[in-house]
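Let's walk through this structure together, starting with the way its parts meet and then turning to the fold of one chain.

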Amino acid sequence: MSDTLNSKPGIALGYRLQWEEVQQCHVLLYPEGMVQLNDTAAAILAFCDGKRSVLGVIAALENEYEAEDLREDVVAFLHEAVDRGWVRYG
Amino acid sequence: MAKPPPPLWLLAEVTHSCPLQCPYCSNPLDLIPKKDELDTENWLRVLHEARQIGAAQLGFSGGEPLVRKDLEVLIGAARKLGFYSNLITSGIGMDAERVERFRELGLDHIQVSFQADDAVLNDYLAGTHSFQHKLDMARAVKANGYPMVLCFVIHRQNIGQVRQMLDLAAELQADYVELATAQYEGWALLNRDHLLPTQAQVREAERIAHEYQAKLKGKMRIYYVVPDYYENRPKPCVGGWGRVFLAVAPDGLALPCHSARGLPGLELHNVRERSIEWIWNESPGFNHFRGEGWMKEPCRTCDEREKDFGGCHCQAFKLTGDPTNADPTCAKSPHHHLVEKAIDTSELGIITSKPIVFRQRNKNSK
């Protein structure tokens, strides 16, 4: 687990995160497909820049949203995001 | 009627020209002549207008989109508009330099199609020596940092080689592989007796696809969808009529499904005359099969009608003569025997007396 916390998540090759005005939500675009994201997912992915570690992402989110104890949620989300192929560890 | 949801997919069929002659092509038999193609300015307007009403995925398709000399201009504009753009190509008409230039202009993804995993069958089906160049282009795509998507169109002539196709894809380090079933429209429908696999072949291909999905999980994603002819239920064609998908044909005709041209009773419009917004939201063609008002039995009272929306209207028309009939791939359709008969013919291994027809332009149209 500590290995994961120190590794650096980034949006996977070929995926693009962007705001869609018409749909009024963030989406993740990939070859011939798209997923609509809820605000939480979009907020986490926005910090997955391949430079921050998972701990760095958590800290950035807690700072940005003036929140505490986000670790569990972020780790759970990233686990699923990796499983779906949205995020890869650099 | 409430305003429809935005189109998410814009398929830009920029030309019907193609250097290949695949007999499973789903383009219409009457290919649009080059002189009737939309010009650059009109395509740019189409991209802009479609993006404004919410289209996010853009497919450059054809024919072979690489034939268009203004493809670079369109790719650059698409990126600036915020499209995720997909180039759906045979690879013929580009070299490593053009692949790189597309990348710089902001193309997101290139899907290279193969006819088979070996040069002999590939080049026979394509009607031209193209296999080696496709390999080179697949490698160039990978080298340029695109996600590499390989597409094999599957039919009777090559379905026995699914394992070899997947091995080739793995060797090329593909990120995604589509084992796409031939769509029995246009040239493919004309050649259906040569192309339709047997039930056993379809299931064996499915088994192999599943085996490789498990083996290559996390490395290569494999898409294999059992063709509708073998499923007893239709597919929700293009995600439902006028719900997510908008195609524009080479001559500018806007289509709710890329095979919808010529459906009787359907009033379609050209992007030269009308805005994309009007076409999507207001036009009679796009509203024709929205909702359930058009449905007859067995669709009207079917408890699965919200799942498949009655299936493919183009297929219903081609096989039964009436696009408001249930898609005959559905076992509930009174016309389902037509599909069963086609599969039976395939099971019997009857070689049709009609020769396979390779796609070509009518000599009279340029």
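Buried area is the accessible area, taken with a 1.4 Å probe, that two parts lose on being put together, summed over both. In this predicted model, chain A and chain B bury about 1,700 Å² between them, with 49% of it on carbon and sulfur atoms. On the side of chain A, the residues that lose the most area to chain B are Arg16(A), Pro31(A) and Glu32(A), together 38% of what that side buries. In terms of residues, chain A gives 17 to the contact and chain B gives 25.

What holds for the polar side of this interface? There are 13 residue pairs in polar contact across it, both residues at pLDDT 80 or more, and the rule also finds 3 salt bridges between chain A and chain B. One of the salt bridges joins the side chains of Glu20(A) and Arg51(B), at 2.8 Å from N to O. The elements of chain A that give two or more residues to the side touching chain B are β2 (16–20), β3 (25–30) and β4 (33–36). Of these, β2(A) supplies the largest share, 3 residues. By class, that side of chain A has 7 nonpolar, 5 polar and 5 charged residues.

Now for chain A itself. Its 4 helices and 5 strands follow the pattern α-β-β-β-β-α-α-α-β along the sequence. The radius of gyration of chain A is 13 Å, close to the 12 Å that the globule rule gives for 90 residues, so chain A is as compact as a globular protein of that length. Its C-alpha trace spans about 35 × 25 × 20 Å along the principal axes, and 47% of the 90 residues count as buried.

Terms used. Residues numbered from 1 in each chain as written. Chains lettered and ligands numbered in written order. Predicted model: local features only at pLDDT ≥ 70, side-chain atom pairs only at ≥ 80, totals over all residues. Heavy atoms only, no water. Contact = heavy atoms within 4.5 Å. Salt bridge = Lys/Arg side-chain N within 4 Å of Asp/Glu carboxyl O. Polar contact = N/O pair within 3.5 Å; in protein donor to acceptor, adjacent residues only side chain to side chain. Nonpolar A, V, L, I, M, F, W, Y, C, P; charged D, E, K, R; others polar. Rg over C-alpha atoms; globule rule 2.2 N^0.38 Å. Buried < 20%, exposed > 50% of the residue type's maximum accessible area, 1.4 Å probe, protein only.
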